[in-house]
Structure formats: structure tokens, C-alpha cells
Amino acid sequence: GVATSPSSGMESMMTISIIDGLRQVSGLEAPIFFDTPGRSLDEDHKQAMLNYFWKDKGQQFLIFAHSGEYRVEDTVADFGDRIAKAWELVWPGDYRTCRKCQSEDIIHSKDKQQASCLSCNHKWDTSVTHTEIIDLEV
């Protein structure tokens with residue numbers, strides 16, 4: 001059918017479908033790269049997309065997801081046996097727990113340049129423009 005006023009999630013699914021259709025009819029075996037594939041999808045469609053692309057053994061599938069797009073722990077738990085390698089990139093301002101004591105009692109300065117842990121008094125600069133690369137266990 002024709003989508004007359006597709007939502008942004010529908011547009012994402014249509015784009016992914018076209019790209020995968022071209023991949024299948026071309027017969028080429030190449031890595032699949034996705035940048036923010038779940039940005040406009042509900043949880044059921046995100047899960048369906050992961051299940052669909054991970055059904056083929058040996059297919060290289062790379063996801064570049066943004067914060068909150070996929071739950072890292074859930075994805076690793078559900079697909080860990082099919083993931084060769086996984087990393088999470090975290091900005092200093094993204095921390096929801098203290099990196100020193102893991103407490104959730106964090107406050108940010110008024111100018112959003114620094115965060116402090118109320119439990120252990122650890123402080124970190126949140127204005128830093130670099131990421132921490134976390135190698136995930138799969």
C-alpha cells in the first residue's frame with residue numbers, strides 16, 4: 001500500500017526495508033551499517049528489527065545508536081550469543097551514577113560544567129568534549 005502521511009518511525013522502517021531489499025537482490029555480502037536505527041521506533045519495532053537482521057549467521061551488522069535508543073543491558077542479554085564485539089561511548093555529562101562509588105546521588109552545577117557525587121564527594125568535569133569507550137562484556 002501507499003503511505004500517505006508516514007510517521008518518522010514508518011519512514012525509518014521503509015528506508016531499512018529498501019536498503020535490505022537492495023542488499024538481498026544484489027547478492028553482495030557486505031557489512032550493514034545503521035546510524036540511529038531506532039530513533040523513531042517503538043520498543044516492539046526495535047526488537048523486531050534486531051531479530052530480523054540477526055537471523056542470518058555470519059552477517060556483519062553494525063549499529064551506531066544514540067543515548068536511550070536501545071537499552072544496552074537488554075540488547076546484550078538478548079543477543080549476546082550473536083555479538084562478536086560491543087562498545088558503549090559515554091560523554092562525561094551522561095553519567096547517571098558516580099564513576100567512583102556507583103551512587104546515584106549526583107548533582108550538576110548550575111552552569112552544567114561539573115558534576116558531584118553526594119555520597120563520596122567525587123567531582124568530574126562535564127564540559128569535557130571527549131568520550132569514554134567502554135568495552136562491553138558479551
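Are R23 and D20 buried or exposed? In this predicted model, R23 is buried, and D20 is buried as well. The legends below take this pair as one of several close-up views.

**Figure 1. Confidence of the predicted protein chain.** The average pLDDT of the protein chain is 82. A score of at least 70 is reached by 95% of the residues. Among the elements of the chain, confidence is highest in strand β5 (residues 114–117), with a mean of 92. It is lowest in strand β7 (residues 132–135), where the mean is 76.

**Figure 2. A salt bridge within helix α1 joins R23 and D20.** The closest N and O atoms of R23 and D20 are 2.7 Å apart. Both residues belong to helix α1 (residues 8–26). They are separated by three residues along the chain, about one turn of the helix. As stated at the outset, R23 and D20 are both buried. Side chains of opposite charge can pair when their charged atoms come close. In total, the count for this structure comes to five salt bridges.

**Figure 3. E43, K46, R71 and D74 are linked in a network of salt bridges.** One of the bridges shown joins K46 to E43, with the closest N and O atoms 3.3 Å apart. K46 and E43 both lie in helix α2 (residues 43–53), where three residues, about one turn of the helix, separate them. K46 has a relative accessible area of 7%, which is under 20%, and therefore counts as buried. E43 has a relative accessibility of 41%; because this value lies between 20% and 50%, E43 counts as partly exposed. A salt bridge also connects D74 with R71, and here the closest N and O atoms are 3.1 Å apart. D74 is partly exposed, with a relative accessible area of 36%.

**Figure 4. Strands β4, β5 and β6 form an open antiparallel sheet.** The three strands follow the order β4-β5-β6. β4 (106–108) and β6 (123–125) stand at the edges, and each has a single partner strand, so one side of each is left without a neighbour in the sheet. On average, neighbouring strands of this sheet are turned by 20° against each other, direction ignored. The antiparallel pairing of β5 and β6 extends over three bridges. Within this view, Q114 stands opposite D125, a residue of β6.

**Figure 5. P31 lies in the loop between α1 and β1.** The strand that follows this loop, β1, spans residues 32–35. The relative accessibility of P31 is 37%; because this value lies between 20% and 50%, P31 counts as partly exposed. P31 and Q60 are 29 residues apart along the chain, yet a distance of 4.7 Å separates their C-alpha atoms.

**Figure 6. I18, L22 and V25 form a nonpolar patch on the surface.** Together, these three residues have about 350 Å² of accessible area. I18 is placed in helix α1. With a relative accessibility of 56%, which is over 50%, I18 therefore counts as exposed. The view may be set beside that of R23 and D20, which also lie in helix α1 but are buried.

How values were computed: Residues numbered from 1 in each chain as written. Predicted model: local features only at pLDDT ≥ 70, side-chain atom pairs only at ≥ 80, totals over all residues. Heavy atoms only, no water. pLDDT = per-residue confidence, 0-100. Helix = DSSP H or I, 4+ residues; strand = E, 2+ residues; numbered from the N terminus. Salt bridge = Lys/Arg side-chain N within 4 Å of Asp/Glu carboxyl O. Buried < 20%, exposed > 50% of the residue type's maximum accessible area, 1.4 Å probe, protein only. Pairing = 2+ DSSP bridges. Axes fitted to C-alpha atoms, helices over the stretch in contact; angles between N-to-C directions. Patch = residues over 30% accessible without salt bridge, like charges linked within 9 Å, V, L, I, M, F, W, Y side chains within 5 Å. Areas by Shrake-Rupley, 256 points an atom, 1.4 Å probe, with all protein chains shown as cover.
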